[in-house]
Amino acid sequence: MSKNPQDYIDEMARKRGYVLDYHKVMAKQDFPVLQAANHLVSAAYLDQRTLDRSTKELIFIVSLTVMRAAKGHIQSHIRVALDLGVSATEILEAIEISLPEAGIVAFQGGFEAWREVVGADGIEPTVSVHEGGSGAGA
């Protein structure tokens, strides 16, 4: 990868399909640390080894859900998975794996990220009820 911060960010975007806000700021403020962190990500996630990229994206989505990562971070991996041909249903099934180990609160964060990206809707009750919202944290 390039030694020029702008070229480096552009290459990250091409390889990952996304860049996070902290990538952009670190490229300008502490480029060597961004490069070091990105080398680890490349070895574990981006480089082709045994697992294919679609499988790695599903694992990333579940791990970010369990860790209660920011919704935008989860959504970036959902979008990449969709771009790779993973179906919305397959992504939901992966997020559902978080339920037994991480619980409903963690699941709701991943679910809400998924719902927004894929535009999933639900069934409204026909009886009077208090609004519960998404259940996911802000």
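Leaving aside neighbours within four places in sequence, which residues is Leu99 in contact with? The view of Leu99 below gives the answer, and the other views take the rest of this predicted model in turn.

**Figure 1. The whole chain, an all-helix fold.** Here's the overview before we zoom in. The predicted model holds eight helices and zero strands, so from the N terminus on the elements simply read α-α-α-α-α-α-α-α. The C-alpha trace spans about 60 × 35 × 25 Å along its principal axes. Of the 138 residues, 29% are buried. The protein exposes about 8,600 Å², and carbon and sulfur atoms supply 56% of that area. Take the contacts between residues at least 6 apart in sequence: 56% of them join residues at least 24 apart. As for charge, there are 13 positive and 18 negative ones, and their mean positions sit 9 Å apart.

**Figure 2. Leu99 and its two contacts.** Back to the opening question: leaving aside neighbours within four places in sequence, Leu99 is in contact with Ile104 and Phe107. Leu99 itself lies in helix α7, which covers residues 98-102. Buried or exposed, or something in between? Its relative accessibility is 32%, so Leu99 counts as partly exposed. Phe107, one of its two contacts, is also a member of the largest nonpolar core. For a sense of scale, the C-alpha atoms of Leu99 and Tyr18 are separated by 27 Å, with their positions 81 residues apart along the chain.

**Figure 3. The largest nonpolar core, with Ile78 picked out.** Twelve residues make up this core: Ile61, Leu64, Ile74, Ile78, Ala81, Val86, Ile91, Leu92, Ile95, Phe107, Ala113 and Trp114. Helices α4, α5 (71-83), α6 (88-96) and α8 (104-118) are the elements that give two or more residues to it. Ile78 is a handy place to look around from: setting aside neighbours within four places in sequence, its contacts are Ile61, Ile91, Ile95, Ala113, Trp114 and Val117. A second core, separate from this one, has six residues, among them Tyr8, Met12, Ala27 and Phe31.

**Figure 4. Arg53, a buried arginine.** Arg53 belongs to helix α4, which runs over residues 53-66. Why does Arg53 count as buried? Because its relative accessible area is 18%, and the cut-off for buried is under 20%. A polar atom of the Arg53 side chain lies 3.1 Å from the backbone oxygen of Lys15. Not counting residues up to four places away in sequence, Arg53 touches Lys15, Arg16, Tyr45, Leu46, Gln48, Val80 and Leu84.

**Figure 5. Glu90 and the backbone of Ser87.** Glu90 is found in helix α6. Which backbone atom does the side chain of Glu90 reach? It's the backbone nitrogen of Ser87, at 2.8 Å. With a relative accessible area of 41%, Glu90 is partly exposed. Its contacts, once neighbours within four places in sequence are left aside, are Leu58 and Gly85. Glu90 and Gln75 are 15 residues apart along the chain, and their C-alpha atoms are separated by 15 Å.

**Figure 6. Arg68, with a positive phi.** Check the backbone here: Arg68 has a positive phi of about 55° although it is not a glycine. Most residues other than glycine have a negative phi. Where is Arg68 found? It sits in the loop between α4 and α5. With 53% relative accessibility, Arg68 counts as exposed.

**Figure 7. Gly17, in the loop between α1 and α2.** Gly17 is found between α1 (5-16) and α2 (21-29). Its relative accessibility is 53%, so Gly17 counts as exposed. What does Gly17 touch, not counting residues up to four places away in sequence? The partners are Met12 and Val80. Met12 is included in the second, separate core, while Val80 also turns up among the residues that Arg53 touches. The C-alpha atoms of Gly17 and Ser42 are separated by 13 Å, the two residues being 25 apart along the chain.

Conventions: Residues numbered from 1 in each chain as written. Predicted model: local features only at pLDDT ≥ 70, side-chain atom pairs only at ≥ 80, totals over all residues. Heavy atoms only, no water. Helix = DSSP H or I, 4+ residues; strand = E, 2+ residues; numbered from the N terminus. Buried < 20%, exposed > 50% of the residue type's maximum accessible area, 1.4 Å probe, protein only. Contact = heavy atoms within 4.5 Å. Areas by Shrake-Rupley, 256 points an atom, 1.4 Å probe, with all protein chains shown as cover. Lys, Arg positive; Asp, Glu negative; His and termini not counted. Charge placed at Lys NZ, Arg CZ, Asp CG, Glu CD. Polar contact = N/O pair within 3.5 Å; in protein donor to acceptor, adjacent residues only side chain to side chain. Core = buried A, V, L, I, M, F, W, Y, C linked by side-chain atoms within 4.5 Å.
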